[in-house]
Amino acid sequence: MNRREYLLSAASVLVLAAASGARAATGEAKAVYSPQINYRIRIPMRDGVHLGATLYLPRGLGKPRPTIFSHTPYTADLYHPEGAYFSTRGYPYLAVDMRGRGDSEGEFAPFGSEVNDGHDIVDWIARQPFCNGKVAGNGHSWVGYTQWAAVHGGAKLATIVPLSSPWVGLDFPINNNIFYAFAVPWLTHVDGHTQRNTMMKDGAFQVTEQLRFIESGLPFRKMDEFYGIESRPFREWVSHPQQDEYWDRRNPTDEQLAGLTMPVLTMCGYFDGDQPGALEFYRRHQRFSGGKADHYLVIGPWGHDQVRKPEAEFFGIKVGASSVIDALGLHTDWFAFTMEDGPRPAFLQKKVAYYVMGADKWRYADTLGAVTARHDVLYLGSGENPVSAYRAGTLGPKPAGKDEPDHYIYDPRDLGALMLELSQTQSHLVDQTALLTDTADKLVYQSAPFEKDTEVSGVFKFAAWIAIDQPDTDFLVSIHDIAPDGTSMFLTDTRMRARYREGLRTEKLIDTKAPLRYDFDRFTFVSRLIKAGNRLRLVIRANQSVAWQRNYNSGKPVADETMADARTVTVRLFHDSARPSALSIPVGQPDS
């Protein structure tokens, strides 16, 4: 869903590039066939609706073969690269339009129709003369989710290859119970049977519209009307602002994951807005299966789009050539491995493959948790209020003594910081414009220079003692790698709405001005070699962006708040001996 790009760049767009071409680090399945394409496939659903599909049949195929499908809201044309690629390697392939989209009948119901329809698609494919009964799923982003939805629907799949799959309600359309403003532009993109690609690619228009909406002061639940659509899915979504049964029933159950024995290959990226969802599927499958899940994970230095088609340069960073794997070649090897008794892909040396930025190499582990050897703890301290990188507080090995609390002030009516964010360039992973400017809405802390090269691999944790003088507010915590010359590399971040301090299913407004402990434990996974002489930078600030639902701090339901409800909040962060605020750093395993 390309949300990190949307969140951090004024020119961000929803672009899904064609995924073709050979890359390093995997095998290379050779093209043997030419595709024979049938654009007029109709697949019957249990309720009488017919879904449109495009069939890519290997020309001259002499016998039934394992068959691959993608179930997409973006219309079948977007999956032409996969259809052409897999069919030339001998696999029949179908790109299926979701109901109400492309050539499909029915009403479009995102996160509503995919479960039953996914089951019926698989059942129909398995009975076709070109299929030998083995059906596999493949696809990226929402098309990763539709594979899990088919599992939820009880489909008899041989394997799935979900890339950047959202776990519904956890990372889209809400992330940690904070709505993406991106949800409405996305719904306009998929509203009706045709694509609105040109509109979605107009990044300047998208950002201008989001600014206009914020300046209007309208409540968030009115955003669909502001954008010119009256969206029933959006209105359902905003009526469920936290984790509940509404979101639960759109994802596989714990029992289904416990009994899921088919092999799965998950892929996601460090700078991928759907990493939280992809890893939620992986972690739950591992946990509820008792560790017996046949689940492989590949996680690399990619943005959302780069998971589908890895690139060596994006968002201002360059990564090593070995990170640019041949994704489709890997998938082809996987299908041969799981459906035709072929060898395990050589690239998958263990169940988890992760790329260490800075060291520029792939490493392997049996589980994602095994990537991290230990957590080192650094405690926050300060001599003055650390509102910029030029007078940052400290991250040190011991708790501070009697330090006074630091503080920042956030007025939701002040759009200055938001405009500063929009002045950043496309190179937003390394751009420090907002962090190097003195503003009252953030606090900055930095470690001493690292004495030796240190691999940081895993998930950071941040425990902070915070007091606020309003019933609610939203926090953003980010971590950066700072080189001796002052250049910066974004590593990871997380967000929290104060009313959900005790959990995503527990809403409790803050009714005290005394400090409370906030545990920020939902950072995204990252792996990077921190070079000797580099520092870590921790930034705590108000979560305010054109891409996020705006919290006006009043304590009302956030979707109903207007600019008139806005309250200025003072956030105090404590780091004394009685209330030590600390950052836990995931240190990677020794490299043998």
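In this predicted model, the charged end of Arg-65 sits over the ring of Tyr-91, 5.0 Å from its centre. A second arginine takes a comparable role: Arg-89 lies over the face of Tyr-85, at 3.8 Å from the ring centre.

Rings also pair with one another. The count comes to 41 aromatic pairs. One of them joins Phe-172 and Trp-186. Their ring centres are 6.0 Å apart and their planes meet at 75°, over the 60° limit, so the pair is edge-to-face. Phe-172 lies in the loop between strand S6 (159-163) and strand S7 (174-175). Trp-186 belongs to helix H5 (residues 183-189). The two residues are 14 residues apart, and the pair links distant parts of the chain. Phe-172 and Trp-186 are buried.

Phe-347 and Trp-362 form another edge-to-face pair. Here the separation is 5.0 Å centre to centre, with 85° between the planes. Phe-347 lies in the loop between helix H14 (327-339) and strand S13 (352-356), and Trp-362 in strand S14 (residues 361-365). The pair therefore ties together parts that are 15 residues apart in sequence. Both of these residues, Phe-347 and Trp-362, are buried.

Ring pairs also build a cluster. Among its members are Tyr-74, Phe-108, Phe-111, Trp-142 and Tyr-145. Phe-172, Trp-186, Trp-237 and Trp-548 belong to the cluster too, as do Tyr-180 and Phe-182.

Trp-186 and Trp-237 appear again in the nonpolar interior. The largest nonpolar core has 128 residues. Those with the most contacts inside this core are Trp-186, Trp-237, Val-298, Phe-462, Phe-520 and Leu-538. The surroundings of Phe-462 can be listed in detail. Neighbours within four places in sequence aside, Phe-462 is in contact with Leu-380, Val-477, Tyr-518, Asp-519, Phe-520, Phe-523, Leu-538, Ile-540, Leu-573, Ala-582 and Leu-583. A second, separate core has 31 residues, including Ile-41, Ile-43, Val-122 and Ile-125. In soluble globular proteins, nonpolar side chains tend to be buried together.

Val-122 and Ile-125 are among the buried residues of H3. Helix H3 (residues 114-126) has 13 residues. From first C-alpha to last, H3 reaches 18 Å, close to the 18 Å expected at 1.5 Å a residue. Its buried residues also include Val-115, Gly-118, Ile-121 and Trp-124. Acidic residues are present in the buried set as well: Glu-114, Asp-117 and Asp-120. The buried residues of H3 pack against strands S1 (35-44), S2 (50-58), S3 (65-72), S4 (93-97) and S5 (131-140). Helix H4 (142-152) is a further packing partner.

Helix H7 (residues 203-216) has 14 residues. At 1.5 Å a residue it should span 20 Å, and its end C-alpha atoms are 20 Å apart, which agrees. Buried positions in H7 are Gly-203, Gln-206, Val-207, Glu-209, Gln-210, Leu-211, Phe-213 and Ile-214. Just after H7, Gly-217 takes a positive phi of about 75°.

H14 shows the same agreement between expected and modelled span. Its 13 residues should cover 18 Å at 1.5 Å a residue, and the end C-alpha atoms are 18 Å apart. H14 is mostly covered, with 11 of its 13 residues buried. The buried set runs through Ala-327, Leu-328, Gly-329, Leu-330, His-331, Thr-332, Asp-333, Trp-334 and Phe-335, and also holds Thr-338 and Met-339. Asp-341 follows H14 and has a positive phi, near 60°.

Several single residues were also examined. Met-200 lies in helix H6 (residues 197-201). With 2% relative accessibility, under the 20% cut-off, Met-200 counts as buried. Met-200 and Thr-188 are 12 residues apart in sequence and 8.6 Å apart in space, C-alpha to C-alpha. His-285 is placed in helix H12 (residues 275-288). Its relative accessibility is 0%, so His-285 counts as buried. Neighbours within four places in sequence aside, His-285 is in contact with Leu-257, Leu-260, Val-264, Ala-293 and His-295.

The structure holds zero disulfides. Cys-131 is buried, with a relative accessible area of 7%. Cys-268, at 0% relative accessibility, also counts as buried.

Terms used: Residues are numbered from 1 along each chain as its sequence is written. This is a predicted model: local features need pLDDT of at least 70, side-chain atom pairs count only at pLDDT 80 or more; totals for chains, interfaces and linings use all residues. Side-chain values use heavy atoms; hydrogens and water are left out. Helices (H or I, at least four residues) and strands (E, at least two) are DSSP runs, numbered from the N terminus. The expected span of a helix is 1.5 Å times one less than its number of residues. Buried means under 20% relative accessible area, exposed over 50%, partly exposed in between (1.4 Å probe, protein chains only). A nonpolar core is a set of buried Ala, Val, Leu, Ile, Met, Phe, Trp, Tyr and Cys residues joined through side-chain atoms within 4.5 Å. Contact means heavy atoms within 4.5 Å. Rings of Phe, Tyr and Trp (its six-membered ring) pair if their centres lie within 6.5 Å; planes under 30 degrees apart count as stacked, over 60 as edge-to-face and the rest as tilted. A charge sits over a ring if NZ of Lys or CZ of Arg is within 6 Å of the ring centre and within 35 degrees of the ring normal. A disulfide is a pair of cysteine sulfur atoms within 2.5 Å.
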